[in-house]
Amino acid sequence: EKKKQNLSKRKLINSAIVLFASKGFESTSTREICNHAGVNLSLIPYYFGNKEGLYISIIESIINYGLTFLQDEISKADNIPQMSFEEKIDLYRGLLRKYTDFLYSENVPSSFVILMIKEQTNSHSKFSEMYAKKINILYKALRKTLASILGKTENDKTIIFEVSSIIGQILSFKIMNRATLPALNQDIYTKDDNKKIKNIILSHIDTSLEKLNLAKTPAIA
C-alpha cells in the first residue's frame, strides 16, 4: 500500500512539473494535473494541501537536492582567503562541473529547468523570492570564487556577467531541447548524449578559464 501511495505521489509530481513548465502555475488546474497523472483529484490535498503546496514541494525538493549534491564544493568557498591560486581555480571548476552533473542527471527533467527559467524571469511570481534565496547560494559561491581569482569584488559587473554566462551555457541544452532533439530524431537525450553535452560544456568552461591562462578541465571518460 505504501509503495502504491509513493507511486501516486511521484506521478503527481512528474505531471505537475510538465504542466507547470508548459502552461505556468496560474493556468494549470489541479484537475488537469490529476488527469495527466491518472490519479484521483483528492490526492493533491492529501499529499500537498493545495496546488501551491504541490508547486513549492517541487521547487524545494529539486533545489534542495541540488544544493546537497553541491554541498562539499559550496562549503569550501568559506575558506577562499586561505586558498592558493590553484586551489581557487580547482574550486571554481569543481562547482561548475558538479552543477553540470546535477542538471544532466536522471533526477532532473528538462521541464524542471524550464520552471527554473520561469522563476528567474518572473519577478512577480509568489515563489520567486523563495527560489532566488535558494539558488543564490550556488551563484554566490561561484561569484565569490571567481572574484577572488580575478582580484575583484563579487558584486563587480564582470564577475556577475561571467558567472551568468557560464550558467547560461550549462542550461542551454536543457532549454533548447525542442530544437535539438528533433534534429537528432529523438525524444530524449541518451546517456551517451549527456556525456557528450557535459564535455562540450566543460570545454566552454575551459575556454573561459584559458582567458586567464589557466589549466584545462579533463574530459569525462
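Here is a short tour of the fold, the core, the aromatic pairs and a few individual residues of this protein chain.

The model is predicted, so please read every value below as computed from it. The chain has eleven helices and zero strands. Of its 221 residues, 43% count as buried.

**Overall fold**
- Followed along the sequence, the pattern is α-α-α-α-α-α-α-α-α-α-α.
- If we take the contacts between residues at least 6 apart in sequence, 66% of them join residues at least 24 apart.
- The accessible surface of the chain is about 12,300 Å², and carbon and sulfur atoms account for 52% of that area.

**The nonpolar core**
- The largest nonpolar core holds 63 residues, and the members that touch the most other members are Tyr 99, Leu 103 and Phe 112.
- In soluble globular proteins, nonpolar side chains tend to be buried together.
- Leaving out residues up to four places away in sequence, Phe 112 touches Ile 17, Ile 58, Ile 59, Ile 62 and Ile 63.
- One of these partners, Ile 17, lies in helix H1, and its C-alpha is 6.1 Å from that of Phe 112 although the two residues are 95 apart in sequence.
- Ile 17 counts as buried because its relative accessibility is 3%, under the 20% cut-off.
- With the same neighbours in sequence left aside, the contacts of Ile 17 include Pro 109, Ser 111 and Leu 115.

**A buried serine in H1**
- Ser 8 also belongs to helix H1, which spans residues 2-23.
- This serine has 14% relative accessibility and therefore counts as buried.
- Not counting residues up to four places away in sequence, Ser 8 touches Val 39, Leu 43 and Tyr 47.

**Aromatic pairs**
- The count of aromatic pairs comes to nine.
- Among them is the edge-to-face pair of Phe 20 and Tyr 55, with 4.9 Å from centre to centre and 70 degrees between the planes.
- This pair links distant parts of the chain: Phe 20 sits in helix H1 and Tyr 55 in helix H4 (residues 51-69), 35 residues apart.
- Both partners are buried, Phe 20 with a relative accessible area of 1% and Tyr 55 with 3%.
- Elsewhere, ring pairs join Tyr 65, Phe 69, Tyr 99 and Phe 102 into a cluster, and Tyr 99 is also one of the core residues named above.

**Helix H9**
- Helix H9 covers residues 157-175 and has a kink of about 30 degrees, centred on Gln 169.
- At the N-terminal end of H9, Asp 156 acts as a cap, with a side-chain oxygen 2.8 Å from the backbone nitrogen of Thr 158.
- The buried residues of H9 are Ile 159, Val 163, Ile 166, Ile 167, Ile 170, Leu 171, Phe 173 and Lys 174.
- An α-helix has 3.6 residues a turn, so residues three or four places apart point the same way.
- It is worth looking at Lys 174 on your screen, since this lysine is listed among the buried residues of H9.

**A loop residue to check**
- Asn 185 is found in the loop between helix H10 (177-184) and helix H11 (191-210).
- The phi angle of Asn 185 is near 60 degrees, which is a positive value in a residue other than glycine.
- With 74% relative accessibility, over the 50% cut-off, Asn 185 counts as exposed.

Methods. Residues are numbered from 1 along each chain as its sequence is written. This is a predicted model: local features need pLDDT of at least 70, side-chain atom pairs count only at pLDDT 80 or more; totals for chains, interfaces and linings use all residues. Side-chain values use heavy atoms; hydrogens and water are left out. The bend at a residue is the angle between axes fitted to the seven residues ending there and the seven starting there. Helices (H or I, at least four residues) and strands (E, at least two) are DSSP runs, numbered from the N terminus. Buried means under 20% relative accessible area, exposed over 50%, partly exposed in between (1.4 Å probe, protein chains only). A polar contact is a pair of N or O atoms within 3.5 Å; within protein, one must be able to donate a hydrogen and the other to accept it, and residues adjacent in sequence count only if both atoms are side-chain atoms. Contact means heavy atoms within 4.5 Å. Accessible areas come from the Shrake-Rupley method with a 1.4 Å probe; for residues, only the protein chains shown count as cover. A nonpolar core is a set of buried Ala, Val, Leu, Ile, Met, Phe, Trp, Tyr and Cys residues joined through side-chain atoms within 4.5 Å. Rings of Phe, Tyr and Trp (its six-membered ring) pair if their centres lie within 6.5 Å; planes under 30 degrees apart count as stacked, over 60 as edge-to-face and the rest as tilted.
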